[in-house]
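Colleague: I am new to this structure, and I would be glad if you could take me through a few of its features slowly.

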Amino acid sequence: MEAAVNKLEAMFQKAESDLDYIEHKLEFEIVKNLPRNAPAQENPVKLLEQLRVIKSRYRELSVEADQIAREQKEAVDFIRSQLATTFQLVQKLQEQSDLEFCPLTDDEQWALEKVLKSEVLTGAGPREEPCAGSLESQQVKVEFEPVTEKMFMSVPQSVRQTVKLAELNMFYQHLFDHFISNKNSSALSVMQMNKLNMKATEPKLKTLKALEILQLDKKGRVRLSTKHS
């Protein structure tokens, strides 16, 4: 934008110079060629007056262009100052926190330096923190926690029926792998679970539901409870 304003200002200056030349040229031709007793309607003075008006308007536009250029520069300087302050604040937060951040790419570094036009990034250099892959590894990973004997025995016998703890945990492990490890979100019907060789039974489903490990919708489809999200 700044380059465009400068170009416009240069155009105004050239136009004004051209008008000065035309005015002087006309004045010279008038003095040279106009008869002394020429009728008033043939006097080109009015044309010169119009040129002076045009010149005046060009000067006004040139002043306005200068004002726009100054305001634009002030705005750019303010933005650069705010961006530099923000960048330095982010760097301090990185240093004070335990989180690791990806370094700027060469293109990002160049673009930021281009905008700031300062030494704020000098010496920052590439950081050695691992990037996206390591950020994923820093995220809390949900681990499978089997049903304990105490939890199992807290469910009434009428619900558990003949289910054994080992069988229940094996079924629970299948569900956990499907929904959490494999990141499937769609609820499963009993038929779908058995197609996946989960060996789903009603007592197993009711026991895990009583332990608030899984949820059953109105159609009897299963998904793990929200605590695993």
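Colleague: Before anything else, where does Asn197 lie?

Modeller: Please keep in mind that this is a predicted model. Asn197 lies in the loop between α8, which covers residues 190-195, and α9.

Colleague: What is the phi of Asn197, and how should I read such a value?

Modeller: The general idea is that most residues other than glycine have a negative phi. Here, the phi of Asn197 is near 60 degrees, a positive value in a residue other than glycine. Gln161 can be read in the same way, since its phi is near 55 degrees, which is again positive in a residue other than glycine. Gln161 is found in the loop between α6 (157-160) and α7.

Colleague: Are these two residues buried or exposed, or somewhere in between?

Modeller: The cut-off to remember is that a residue counts as exposed when its relative accessible area is over 50%, and as buried when that area is under 20%. Asn197 is exposed because its relative accessible area is 51%, whereas Gln161 counts as partly exposed because its relative accessibility is 44%.

Colleague: Which residues of the largest nonpolar core touch the most other members?

Modeller: In general, nonpolar side chains in soluble globular proteins tend to be buried together. In this model, the largest nonpolar core has 22 residues, and those that touch the most other members are Val147, Phe171, Leu175, Met193, Leu208 and Leu224. At least two residues of this core come from each of α7 (165-181), α9 (202-210) and β2, and α7 gives the most, with seven residues.

Colleague: What is Leu175 in contact with, once its neighbours within four places in sequence are left aside?

Modeller: Leu175 is then in contact with Ile180, Met193, Met198, Leu208, Leu214, Val222 and Leu224.

Colleague: And His178, is that residue buried or exposed?

Modeller: His178, whose place is in helix α7, counts as buried because its relative accessibility is 15%. Not counting residues up to four places away in sequence, His178 touches Lys183, Asn184, Leu188, Leu196 and Met198.

Colleague: Finally, how many residues apart in sequence are Lys219 and Ser189, and what is their C-alpha to C-alpha distance in space?

Modeller: Lys219 and Ser189 are 30 residues apart in sequence, while their C-alpha atoms are 8.2 Å apart in space. Lys219 lies in the loop between β1 (214-216) and β2 (222-224), and Lys219 is exposed because its relative accessible area is 68%.

Note on methods. Residues numbered from 1 in each chain as written. Predicted model: local features only at pLDDT ≥ 70, side-chain atom pairs only at ≥ 80, totals over all residues. Heavy atoms only, no water. Helix = DSSP H or I, 4+ residues; strand = E, 2+ residues; numbered from the N terminus. Buried < 20%, exposed > 50% of the residue type's maximum accessible area, 1.4 Å probe, protein only. Core = buried A, V, L, I, M, F, W, Y, C linked by side-chain atoms within 4.5 Å. Contact = heavy atoms within 4.5 Å.
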